[in-house]
Amino acid sequence: MHAAPAIPLAAGFLPDDWKQLCAELGVPAFRAAQLWHGVACRLASEWDQMTTLPAAFRQALASRCDLSALTVCERKPSPDGVTKFLLACRDGERIESVLIPSRDRQTLCVSTQAGCAFRCAFCASGALGLARDLEAGEIVGQVTAAARELRAAPGAAPDARPENLVFMGMGEPLANYDNTLRAIRVLNAPGGLTIGARRMTISTCGVVPGIRRLAEEGLQVELSVSLHAPDDRLRQSLMPVAARWPIAELLAACADYTARTGRIITFEYTLVRGLNDQRIQAEQLVRLLRPLHCRINLIPLSPVDGFDGRAPDAETCARFQEFLEQARINTTLRHSRGRQADAACGQLRLRRTGDRQASPRTGDRQVAPKK
Ligand code: SAH
């Protein structure tokens with residue numbers, strides 16, 4: 001794989017970056033506002049679409065920054081309305097995002113890394129390891145690509161865009177901290193796509209220093225923490241990261257996050273039959289989480305070949321939820337959507353990457369994609 005080209009991605013520019021570039025190129029400052037509007041709001045895909053700019057300036061811009069961060073290589077709709085996108089980066093890396101419509105809005109599940117280094121046992125993204133961090137422009141570019149698709153639909157509003165973002169695609173957002181935060185600032189800035197910070201959720205496997213740093217940003221983003229087990233031993237068997245930051249340390253950081261930001265944390269808990277779905281785990285979970293102001297989101301396991309586990313039956317899931325609710329912990333049971341689109345984390349990329357690789361890299365778990 002060759003290195004990413006040095007020319008920066010326009011999608012990752014904040015208004016101040018455009019001002020700086022205009023100053024460098026010796027053009028008046030009002031051009032910066034035109035550029036921000038053209039790129040971040042109108043989502044221009046070619047410089048020539050920005051007809052308010054003089055041709056010579058457009059030419060100068062083309063050599064300074066790149067308007068096309070990603071190419072859509074595959075769209076996979078599933079009958080429940082979910083569409084999964086497989087996107088190619090400039091260096092050929094493949095990433096995924098998933099568009100999930102609900103009654104009144106569209107949610108986009110965004111990737112922050114190509115692959116993932118954390119290797120949670122049931123997650124397809126970790127199966128091939130980490131290829132690289134995504135640039136801010138590649139994170140924003142997924143939202144741009146989805147917005148363009150929405151705008152192209154018959155009768156769509158010219159400013160259609162996903163209104164909710166969850167950073168729950170491939171990768172660990174807090175392990176690519178600077179690029180993720182820059183992307184959030186670009187997506188949130190006035191005059192661009194302007195997605196509300198409270199409509200963006202960062203999901204972490206429990207990178208404690210990242211949670212502590214995020215608490216200091218003065219942002220209103222939502223935080224989800226993937227817990228998946230109420231004790232360190234079980235958690236370590238599912239999530240190697242748990243050996244680095246034990247539950248007590250993680251929950252202390254979560255409590256501080258809430259105290260500092262006022263945001264209520266959601267704990268993600270993937271239910272695996274016979275492993276973490278029993279009454280004893282529900283009891284432990286209540287003891288652990290009751291002191292915190294939090295929510296729990298239960299997700300029945302989405303099957304992944306190579307992980308020898310299954311989702312509990314509906315009754316067990318409901319019983320687990322009921323127990324938590326009775327303990328006054330606000331709990332949702334989310335059914336994973338888009339299964340037909342291989343929508344569980346990393347599955348589409350894994351399938352495509354698997355096509356290209358004879359065998360997984362040495363040391364990697366052999367996780368075959370879900371067909
Ligand atoms: N690295 C981040 C975000 C990506 S994963 C994190 O760990 O939170 C988003 C969520 O999907 C996590 O809670 C993850 O554990 C969960 N997940 C991954 N694979 C899954 C599967 N096969 N079934 C159910 N949930 C899964």
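Where is the place of H228 in the chain? Let me start there, and then work outwards to the rest of the model, which, I should say at once, is a predicted one. H228 sits in the loop that runs between strand 9, residues 222-226, and helix 7, residues 232-238. What draws attention to H228 is its backbone, since its phi is positive, about 70°, although the residue is not a glycine. As a general matter, most residues other than glycine have a negative phi. H228 counts as buried because its relative accessible area is 5%, and buried means under 20%.

There is a second residue to set beside it, and that is T194, whose phi is near 50°, again a positive value in a residue other than glycine. T194 also belongs to a loop, in this case the one between helix 5 and strand 8, the latter covering residues 200-204. Is T194 buried or partly exposed? With a relative accessibility of 34%, T194 counts as partly exposed, whereas H228 is buried.

Let me step back to the chain as a whole. Its secondary structure comes to 12 helices and 12 strands, and of its 371 residues, 55% count as buried. If we take the contacts in the chain with a separation of 6 or more, 66% of them are accounted for by residues 24 or more positions apart. The accessible surface comes to about 16,500 Å², and carbon and sulfur atoms hold 50% of that area.

Now to a pair of helices. Helix 5, residues 177-188, and helix 6, residues 208-215, have axes that come within 12 Å of each other and cross at roughly 35°, and the crossing of helix 5 past helix 6 is right-handed. On the helix 5 side the contact is made by Y177, D178 and L181, and on the helix 6 side by G210, R213 and L214. Sorted by character, the residues of this contact divide into 3 nonpolar, 1 polar and 2 charged.

R213 deserves a closer look here. This residue of helix 6 touches Y177 and D178, once residues up to four places away in sequence are set aside. R213 counts as partly exposed because its relative accessibility is 41%. Looking just ahead of helix 5 in the numbering, we can also place R213 against L174: the two are 39 residues apart in sequence, and their C-alpha atoms are 9.3 Å apart in space.

Which residues does D133 touch, if we do not count those up to four places away in sequence? They are T112, Q113, E138, A175, N176 and N179. D133 itself is found in strand 6, and at 32% relative accessibility it counts as partly exposed. With Q113, one of the residues it touches, D133 has a C-alpha to C-alpha distance of 4.5 Å, while the two are 20 residues apart in sequence.

For a buried counterpart, consider Q281 in helix 10, residues 279-289. Q281 counts as buried because its relative accessible area is 10%. Leaving aside neighbours within four places in sequence, Q281 is in contact with P230, L234, Y269, L275, N276 and F320.

I will finish with the aromatic side chains. A pair of aromatic rings is described by the distance of the centres and the angle of the planes. How many aromatic pairs does the count come to? It comes to 3, and I will show two of them, beginning with F13 and W18, whose rings are 4.4 Å apart centre to centre with 45° between the planes, a tilted arrangement. F13 is buried, with a relative accessible area of 12%, and W18 counts as buried at 0% relative accessibility. The next pair is F122 with F307, and this one is edge-to-face, with 5.9 Å from centre to centre and 70° between the planes. This pair links distant parts of the chain, the two residues being 185 residues apart. F122 lies in the loop between strand 5, residues 113-115, and strand 6, residues 130-133, while F307 lies in the loop between strand 11, residues 294-300, and helix 11, residues 314-326. Both F122 and F307 are buried.

Methods:
Residues numbered from 1 in each chain as written. Predicted model: local features only at pLDDT ≥ 70, side-chain atom pairs only at ≥ 80, totals over all residues. Heavy atoms only, no water. Axes fitted to C-alpha atoms, helices over the stretch in contact; angles between N-to-C directions. Helix = DSSP H or I, 4+ residues; strand = E, 2+ residues; numbered from the N terminus. Left-handed = near helix turned anticlockwise from the far one by under 90°. Contact = heavy atoms within 4.5 Å. Nonpolar A, V, L, I, M, F, W, Y, C, P; charged D, E, K, R; others polar. Buried < 20%, exposed > 50% of the residue type's maximum accessible area, 1.4 Å probe, protein only. Areas by Shrake-Rupley, 256 points an atom, 1.4 Å probe, with all protein chains shown as cover. Phe/Tyr/Trp six-rings, centres within 6.5 Å; stacked < 30°, edge-to-face > 60°.
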